[in-house]
Structures are given as C-alpha cells and as structure tokens.
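User: I am new to this structure and would like to understand the terms used for its inner spaces and its packing. Please take me through them with care.

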Amino acid sequence: MGSGKSPKRVKADTFSHLMHLGSRDFEAGKLDAKPITTMGWFYFAEPVDMEVLRNEVHEKLVDKVFRYRAVPRERKGWTYWEEAGPIDDAYHFQHHAGFEDEQHWQEYLQQLVDDGLDYSKPWWRYVVVDKLPCGRAAVIGIADHTHADGASAVSALLSMCEGQGDNPVFSKKTSSGAGSKKGKRAAGRGRKLSGYERLVALWEGVWGPISEQILANDVQSRLKQPSGKFPKHWRFATTPPGEHLDVKMLKEIKDRVPGATVNDVMLALTALGIKEYYKSINDPIMQGTADLRGTLAANVRPSGVDYLSDKWFGNHIVVQTARYPLHEGRVETLLSFRDQSRMRKASPDMIVRRYLMEAMSYLPRDKVVEIVVEANAKFSIMISNVLFSLTKLSLFGQEIEDVRFVACSPLGFYAGAATYVDKVSFGLVATEDVKTDPSVMLPLFRSECEKLHKEVMALDPDYFEKQDKPLAVSPALVSALAALLVAILLSVLLL
C-alpha cells in the first residue's frame, strides 16, 4: 500500500470560525445574511502584466501562506482550513480590457461584490483591468472576510512588494509626523488618568461589552439597516483621484490636541460627515438626542509576530464599539473620540470581548450563528482605518499610485479610510435597503475635515489643556463599582 501524505489541515482562529459558520449557512440557503466581502484595488500608470501578477501571487502567497491554497471546512464542531488542491488560475486570475466611463466602472465593481466568491475554491481572486476612465490601470483583489482581516491583507500585500514600505505594524521604521516637539509630546502622552477614571474604565470595560449583547440597539435612521432585513446589494463610492485628504492635515490636528491619535481624528471627521448628511436630509434622528454606535475591529496579535504564519494569518481581532456623537460641535466631537479611546485603552474592554467571543464559540452551532447575526443588526455603521504604507510601494513591476478598499457588510453603512504615502482616501458603502447614495456623503468627509482643521488650529493650545479635565466623581457610579468589586470578591471566596 502507498503511504500518501495527508492534506495539510490548520485549525481556524475563533473569529474566522464564527464567520465561516454564517458563510456556509448562507451558501446552503439556511441563512439570509450574506457574508462580508472585502475588495480593494490598486491604481497603476500602465496595465499590469497578467503573467507577472500570477507568478508573484503564486510565489509570495500561494506557496508561502496556507490560506491562499486552502478552503475552510467544519470538522467536529470547529472550522479547519484544508488543502484545496491545485489552484484554478482561470478563476483566481481574471482580466478585463477596461471601461470608458465612471458609471460602468462602478457598476462592474458592484457586480463583483454581488457575485461574491466560489466557496469550493480558496476564498480570494484577482482581476486585472487594463484601462480606467481616469486613464490609469488597476488590479482588484476580492476576498471573503473569513479569509483574512485588514492586518493580514496588508501584510500579504507588503510581502509581494519590492520594498518593505513604511508601516509601523510590520516594520521598525517610524514616521516623523508634523508639528512642534511640544505638540508631538503632548499628543503622544496626554495627561495621566486619575484613580477614579481608572475605576470608571474598569467598569466600562467589563459592563460595556456585556450590556451591548442585551441593551444596545441604535435608533432607526437612514444609515441603519432595517430590522429583520438582510442586505443583498450595496452601493458604494470612493474618493476620486486627486480629491484625497492630505495626511499632514490629520497629523496637525492630532498634534494640537493632547492625548489624541490620528485614528481619533479619522473617527471624528467621519462622524461629522455623517452628521452633516443627516442634517441635509432632515433625518428625524437630528430632532432628538440619540447618537449612533459604530463598530471597529481591534488587532489582538502580540507585537512582533509573523502575520503570514499559519498561526497569525486570519482574523485575530475583536469588534469594539464607539459612540458616534451627532449633537456636538466639531472640536467637541474630536475630544469625545479622544476621551473614549483613552478610556478604552485603559480598560479591560479588549480582554472581555475576547473572552465573550471564545465563550460564544462553545454554544450550540445554530445559536452561535443567530447571536452573530443579531449582533450585527444592533449597530448602524462599520468603520475601518487601514494604513498601507507611508512610503511608495512597487508591486507587479510597477509603482502603486493609489489604493482604495471597501467592505460590504450586514450593517447599513460602512466607511473605510485608506492611508497611502501622504494621501487618505475613503470608501463608503451603503446597503440598497437604506436608500442612501454614498457619493453624496463623500464630499462631506473632506469638507468637514477642512473645517475641523481650521477650528482646531485657530484655538490656543492652552484651550485643549484646560478642557482636558479629569472626570467628576459620580456617587452612583462609585456605588456600582463597589458592588461589582464586592461581587468579584465573594465569587473568589466562594470558589
């Protein structure tokens, strides 16, 4: 008898496992919620040679990163990635001659998302487009989110590039940033949290993730997916060439505000753009006091790990949430996100969410899928902020001129920011059911960023120091914290 080698099999991370269950149920017709499809495209000056692209992907990804030659399958209650056999080049590498007008180009992108992927093959594919309306060429990459998160996708991209690029997550290089030394020092450090604030962070980090499973549910608006209805089609818009934001503008805002990060600025300008859109259409949400909550993925990998390894390539993330203020001024909105992120970092929020996700994975299979689907229906918007590289990259024999990406999720609205060199571009996606044209919203992100920059730079730096005051002590919250600590102590003693 022959001693044939068994196909390689790798156990999936928890987040990939949870998404895979929903994808397979949708494929089987048991679930109406379509899986999350991610799509990015790179702009080039000249058409990319298909043979060069195919050889690079095979050599740098298919041969070295297991998920590029594997498919996920359920085995005894868990998901495993298993060798899929020879790669079908005709499916995974496709070609299109191009488009003469923007409408047909956008319709083609939307059709790719609607078509999705063939789940009998590895869950990715590339399309080479020779000519776009802007005169450039493009390479489109499509994948199911089960395949990889944003960090894995960027790591895979960088592994194919001729140079390392400048991305703080994957390289030792650091960017210099803008602003004075005092501004950098203030923005990087900010003030220390008080003892009371650390107790509040502890409370919010434990109670917040737990209570969201029961109590969270955004009010209905033009960006929230209608309850009980799952999207099948999406509309999206991306920043036109030449209309990007300058990353220096965001850094100048960040450096002016002690304790703020570029991510805080990014979240603020998206919130301000959404608020202006609501005002322009007279959405009833602006007549009340309710805010929105957005979901954002947080990378939970330890620093220094190999993102392309069997262990760490995938979806090593937790989904955190942020309050999106709709009734505050521009500067106040930025400070709100600064304060939220500062408290979140000091809290056990990420740890609690990881434990909740792990615990949920052990529930009966159908219950797991039901909970995941219901969780998506609670929130209005999904946010991504992806840094590709702060220096130019060469890929498939050419220099990348620009980058765009979108994600089509069960939530009503998605906003993704892509940073490449000195440019920040956006990809906005709205489900067909919310009746919103994302191309109308796109200019608002740019205009609100410019207005926020003007307001922040006009204020004296001392203003932000004075506004950054410790939280006032709340007797009710102190009592709740005391009760929580007593409950934890009694639990330990009883065990």
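Analyst: This is a predicted model. A good place to begin is the largest cavity, which is lined by Val10, Lys11, Ala12, Val65, Phe66, Arg67, Trp81, Leu308, Ser309, Asp310 and Phe313. About 70 Å³ of space lies in this cavity.

User: What makes it count in a search for cavities of 30 Å³ or more, and how many does that search find?

Analyst: The search of the whole structure takes in cavities of 30 Å³ or more and finds 1. The space in the largest cavity is about 70 Å³, and it is called a cavity because a 1.4 Å probe fits there but cannot get out.

User: Which classes of residue make up the lining of the largest cavity, and which domains supply them?

Analyst: By class, that lining has 7 nonpolar, 1 polar and 3 charged residues. Domain 1 (9-160) and domain 2 (195-494) each give at least three residues to the lining.

User: How do you know that domain 1 and domain 2 are in contact?

Analyst: Contact requires heavy atoms within 4.5 Å, and 65 residues of domain 1 are in contact with 49 residues of domain 2. The centres of the two domains, taken over C-alpha atoms, are separated by 25 Å.

User: Why is the largest nonpolar core said to lie between the domains?

Analyst: The largest nonpolar core has 68 residues, and those with the most contacts inside it are Met39, Leu53, Val57, Trp105 and Ile140. Domain 1 (9-160) and domain 2 (195-494) both give residues to this core, so it lies between them. Leaving aside residues up to four places away in sequence, Met39 touches residues including Leu109, Ile140, Phe236 and Phe405. A second, separate core of 47 residues includes Met249, Leu272, Leu428 and Val434.

User: What makes the second largest pocket a pocket rather than a cavity?

Analyst: The second largest pocket holds about 740 Å³ of space, and the word pocket is used because the set of points is open, whereas from a cavity the probe cannot get out. Of the 33 residues that line this pocket, the closest to its centre are Glu204, Arg323, Asp339, Gln340 and Met343.

User: Which elements supply at least two residues each to that lining, and what is its make-up by class?

Analyst: At least two residues of the lining come from each of α7 (195-212), β11 (317-324), α10 (330-345) and α11 (349-360). By class, the lining of the second largest pocket has 9 nonpolar, 8 polar and 16 charged residues.

Methods: Residues are numbered from 1 along each chain as its sequence is written. This is a predicted model: local features need pLDDT of at least 70, side-chain atom pairs count only at pLDDT 80 or more; totals for chains, interfaces and linings use all residues. Side-chain values use heavy atoms; hydrogens and water are left out. A nonpolar core is a set of buried Ala, Val, Leu, Ile, Met, Phe, Trp, Tyr and Cys residues joined through side-chain atoms within 4.5 Å. Buried means under 20% relative accessible area, exposed over 50%, partly exposed in between (1.4 Å probe, protein chains only). Domain bounds come from an automatic or database domain assignment. On a 1 Å grid over the protein atoms alone, a cavity is a set of points where a 1.4 Å probe fits but cannot get out, and a pocket is an open set with protein on both sides within 12 Å along at least five of seven lines; lining residues have an atom within 4 Å of a point. Grid points are joined across faces, edges and corners, and a volume is the space filled by probe spheres set on the points. Helices (H or I, at least four residues) and strands (E, at least two) are DSSP runs, numbered from the N terminus. Ala, Val, Leu, Ile, Met, Phe, Trp, Tyr, Cys and Pro count as nonpolar, Asp, Glu, Lys and Arg as charged, and the others, Gly among them, as polar.
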